[in-house]
Amino acid sequence: MKRQQPQISEDKILETSWELLGEDGIEKFSMRRLADRLGIQAPSLYWYFKSKQELYQRLANQVSKIILEEFHSEGDWKEQLTGLAVTVRSVLGRYPCSTQLMMMTLPHEPDIIRFTNRMLLCVESTPLEQEQKMQVVTTLVNYVFYFVLDDYQHERNVAAILKEDKGALPGDEMLSLLDTMSDTDAGLFKRMFTNGLFELMGTDRAFEFGLKLILLGIEQVIMEQEK
């Protein structure tokens, strides 16, 4: 009796893709591993997605759709950009490797286009030139992307160190290194490190301060153009 292939769907493929990305990261993700997890032959996946890149596009589109569903900020351009940045960070933080996916894909999916359009609408009321408006949203979204990505990579690095040496503490290794360096080369860095300032990286406080810097910069440009 011929063994029956498991029933799969596009939604099931996307769901399983997120599971794999969460377990091993995007570096080890492959269509073959995805097929194995689904219990099917790899060629069967290509009935749904022509390539891994097309699958990535669809995953990024799914993230964009969720951002749009959760973003409901009203108010002036600063309030809208703030709400958008907070929403993007929240969604990306819940979907493993979603930041990399958003950075690796082109805006060739409907919800990615809607997401980009919604970002532009946040600054449409400002007196900025069209080119400047595009630069504003690009700067903002890149800030959020790299903030989330840096936090994600830091957690993976710490986990890798602890896995290799279960008794090791990354902070202890850093202090040992800093003790070998002169005050001229690393004095300020060492003082900030020992005072715990680097622990602020990846926190809400750090995110909000960086966002504030961007918004103040945009506001300054607008003020200069209105003179």
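# Salt bridges and a domain contact: a guided tour

Select Glu 219 and Lys 78: the two form a salt bridge, and their closest N and O atoms are 2.9 Å apart. This pair joins distant parts of the chain, with Glu 219 in helix α11 (residues 204-226) and Lys 78 in helix α5 (residues 77-94), 141 residues apart. Keep in mind that the model is predicted.

Colour the two side chains by accessibility. Glu 219 has a relative accessibility of 26%, so it counts as partly exposed. Lys 78 falls in the partly exposed class too, at 28%.

**Along the two helices**

Stay on helices α5 and α11 and select Arg 89 and Asp 204. They form a salt bridge in which the closest N and O atoms are 2.9 Å apart. Again the link is between distant parts of the chain: Arg 89 belongs to helix α5 and Asp 204 to helix α11, 115 residues apart. Is Asp 204 buried, partly exposed or exposed? Its relative accessibility is 46%, and because the exposed class begins only over 50%, Asp 204 counts as partly exposed.

**A pair inside one helix**

Move next to helix α7 (residues 110-122), which holds both Asp 111 and Arg 114. The two residues are three apart, about one turn of the helix. They form a salt bridge, with 2.8 Å between the closest N and O atoms. The partners differ in accessibility class: Asp 111 is buried, at a relative accessible area of 11%, whereas Arg 114 is partly exposed at 47%. The cut-off for buried is under 20%, so Asp 111 falls within that class.

How many salt bridges are there by this rule? The count comes to 12. As background, side chains of opposite charge can pair when their charged atoms come close.

**Between the domains**

Now colour the protein by domain: domain 1 covers 1-50 and domain 2 covers 57-226. Their centres, taken over C-alpha atoms, are separated by 30 Å. Select the residues in contact, and you will have 11 from domain 1 and 13 from domain 2.

Together the two domains bury about 1000 Å² between them, and 71% of that area is on carbon and sulfur atoms. Which residues of domain 1 should be picked out here? Show Leu 14, Trp 18 and Ile 26: these supply 59% of the area that domain 1 buries against domain 2, more than any other three residues.

For polar links across the boundary, the count between domain 1 and domain 2 is one salt bridge. Two residue pairs are in polar contact between the domains, counting those with both residues at pLDDT 80 or more. On the side of domain 1 that touches domain 2, the residues by class are five nonpolar, three polar and three charged.

Select Arg 58 and Glu 10 next. These residues form a salt bridge, and the closest N and O atoms lie 2.7 Å apart. Add Glu 109 to the selection: Glu 10, Arg 58 and Glu 109 are linked in a network of salt bridges.

**Last stop**

Finish at Thr 138, which is placed in helix α8 (residues 130-164). Thr 138 has a relative accessible area of 29% and is partly exposed. Draw a distance from its C-alpha atom to that of Phe 29: the two are separated by 28 Å, and the residues are 109 apart along the chain.

Methods
Residues are numbered from 1 along each chain as its sequence is written. This is a predicted model: local features need pLDDT of at least 70, side-chain atom pairs count only at pLDDT 80 or more; totals for chains, interfaces and linings use all residues. Side-chain values use heavy atoms; hydrogens and water are left out. Domain bounds come from an automatic or database domain assignment. Contact means heavy atoms within 4.5 Å. Buried area is the accessible area (1.4 Å probe) that two parts lose on being put together, summed over both. A salt bridge is a side-chain nitrogen of Lys or Arg within 4 Å of a carboxyl oxygen of Asp or Glu. A polar contact is a pair of N or O atoms within 3.5 Å; within protein, one must be able to donate a hydrogen and the other to accept it, and residues adjacent in sequence count only if both atoms are side-chain atoms. Ala, Val, Leu, Ile, Met, Phe, Trp, Tyr, Cys and Pro count as nonpolar, Asp, Glu, Lys and Arg as charged, and the others, Gly among them, as polar. Helices (H or I, at least four residues) and strands (E, at least two) are DSSP runs, numbered from the N terminus. Buried means under 20% relative accessible area, exposed over 50%, partly exposed in between (1.4 Å probe, protein chains only).
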